[in-house]
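The following note was prepared for a colleague who wishes to review a structural model point by point. The sequence and structure come first, and the remarks follow.

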Amino acid sequence: MQTNTLPIYDDSVNTTGCCPRFNPEGWDGAELHFENKPFVKASTRSLAHVPLNMGRVFSRVLGHIEDQGASDPHQTIVLSRDLSPWESEHLFAVTKPVADEEMTSLSGDFVTKVFEGSYQHARDWYSEMQALADKRGTPAKAVHFFYTTCPKCAKTYGKNHVIGVVQV
């Protein structure tokens, strides 16, 4: 895979008007190589790992990204991780800086794994991602998840794909 590219995000099927049906083809076992890949960084509040203000934060950030033409719809990813039971961090891939949002960048090598199921399995998925890094001979530097659809759309589509992304 080329530097700073992702597997194709196929957004061609969207019957909900919200989240497209996720096509996991190409995402399982993908090796990602980032070199100063730009992301918008945002945080949400949680109560025992349950998000409280995610909708408002995501709407604001995605609105700014869209308004400023800073997205590539086929290179979509939002990397999320819990910093504590009370706060989560979200990194939105962008093509250029976005005014009025905090910017960051990622560099390094990452490996992905496709999961399917309820969000309640995140603790097990986290352990699997750490084991995947260990199997490659390096401890996990960071584990993120890409929640490909919101809970309402996942219910509509009958599948809840979540992509684990571990930095190795």
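**Notes on helices, core, cysteines and aromatic pairs**

1. What covers the buried residues of α2? The cover includes β5, β6 (142-147) and β7. The model under review is a predicted one. The buried residues in question are Ala122, Trp125, Met129 and Ala133. Viewed down the axis of α2, these buried residues fall within an arc of 85°, so they line one face of the helix. Arg123, Asp134 and Lys135, on the other side of α2, are exposed.

2. The length of α2 can be checked against its residue count. Helix α2 (residues 122-135) has 14 residues, which at 1.5 Å a residue should span 20 Å; the end C-alpha atoms are 20 Å apart, which agrees. After α2 comes Gly137, with a positive phi near 85°.

3. Helix α1 (residues 54-67) may be examined in the manner of the preceding points. For its 14 residues the expected span at 1.5 Å a residue is 20 Å, and the end C-alpha atoms of α1 lie 19 Å apart, which agrees. Val57, Phe58, Val61 and Ile65 are the buried residues of α1. They fall within an arc of 95° when seen down the axis of α1, so they line one face of the helix. By way of background, an α-helix has 3.6 residues a turn, so residues three or four places apart point the same way.

4. The surroundings of α1 deserve a separate remark. Its buried residues are covered by elements including β1, β3 (78-84) and β4. On the other side of α1, the exposed residues are Arg56, Ser59, Glu66 and Asp67. Gly69 follows α1 and has a positive phi, near 60°.

5. Which residues touch the most other members of the largest nonpolar core? Among the 17 residues of that core, they are Trp27, Phe39 and Ile77. Two or more residues each are given to this core by β1 (31-47), β4 (87-93), β5 (102-116) and β7 (161-167). The most come from β1, which gives three residues. Leaving out residues up to four places away in sequence, Phe39 touches Phe34, Ile77, Leu79, Leu91, Phe92, Ala93, Val94, Glu102, Met103, Thr104 and Leu106.

6. Aromatic pairs number 12 in a search of the whole structure. In one of them, the ring centres of Tyr9 and Phe146 are 6.1 Å apart and the planes stand at 45°, so the pair is tilted. This pair links distant parts of the chain, since Tyr9 lies in the segment before β1 and Phe146 in strand β6, 137 residues apart. Tyr9 is buried, with a relative accessible area of 7%. Phe146 likewise counts as buried, at 3% relative accessibility.

7. A further aromatic pair joins Phe58 and Phe92; it is edge-to-face, with 4.9 Å centre to centre and 65° between the planes. Here too distant parts of the chain are linked: Phe58 belongs to helix α1 and Phe92 to strand β4, 34 residues apart. Both Phe58 and Phe92 are buried. Elsewhere, ring pairs link Phe115, Tyr119, Trp125, Phe145 and Tyr147 into a cluster. Trp125 also appears among the buried residues of α2.

8. How many disulfides does the structure hold? The number is zero. Cys150 is in no disulfide, and the nearest cysteine sulfur, that of Cys153, is 3.6 Å away. That distance is too far for a bond, because a disulfide is taken here as a pair of cysteine sulfur atoms within 2.5 Å. In exposure, Cys150 counts as partly exposed at 25% relative accessibility, whereas Cys153 counts as buried at 3%.

9. Is Gln75 buried or exposed? At 16% relative accessibility, Gln75 counts as buried. Gln75 is placed in the loop between α1 and β3. Setting aside neighbours within four places in sequence, Gln75 is in contact with Asn4, Thr5, Leu6, Pro7, Ile8, Tyr9 and Ala93. The C-alpha atoms of Gln75 and Asn4 are separated by 9.5 Å, although the two residues are 71 residues apart along the chain.

Technical notes:
Residues numbered from 1 in each chain as written. Predicted model: local features only at pLDDT ≥ 70, side-chain atom pairs only at ≥ 80, totals over all residues. Heavy atoms only, no water. Core = buried A, V, L, I, M, F, W, Y, C linked by side-chain atoms within 4.5 Å. Buried < 20%, exposed > 50% of the residue type's maximum accessible area, 1.4 Å probe, protein only. Helix = DSSP H or I, 4+ residues; strand = E, 2+ residues; numbered from the N terminus. Contact = heavy atoms within 4.5 Å. Expected span 1.5 Å × (residues − 1). Arc of directions from axis to C-beta. Phe/Tyr/Trp six-rings, centres within 6.5 Å; stacked < 30°, edge-to-face > 60°.
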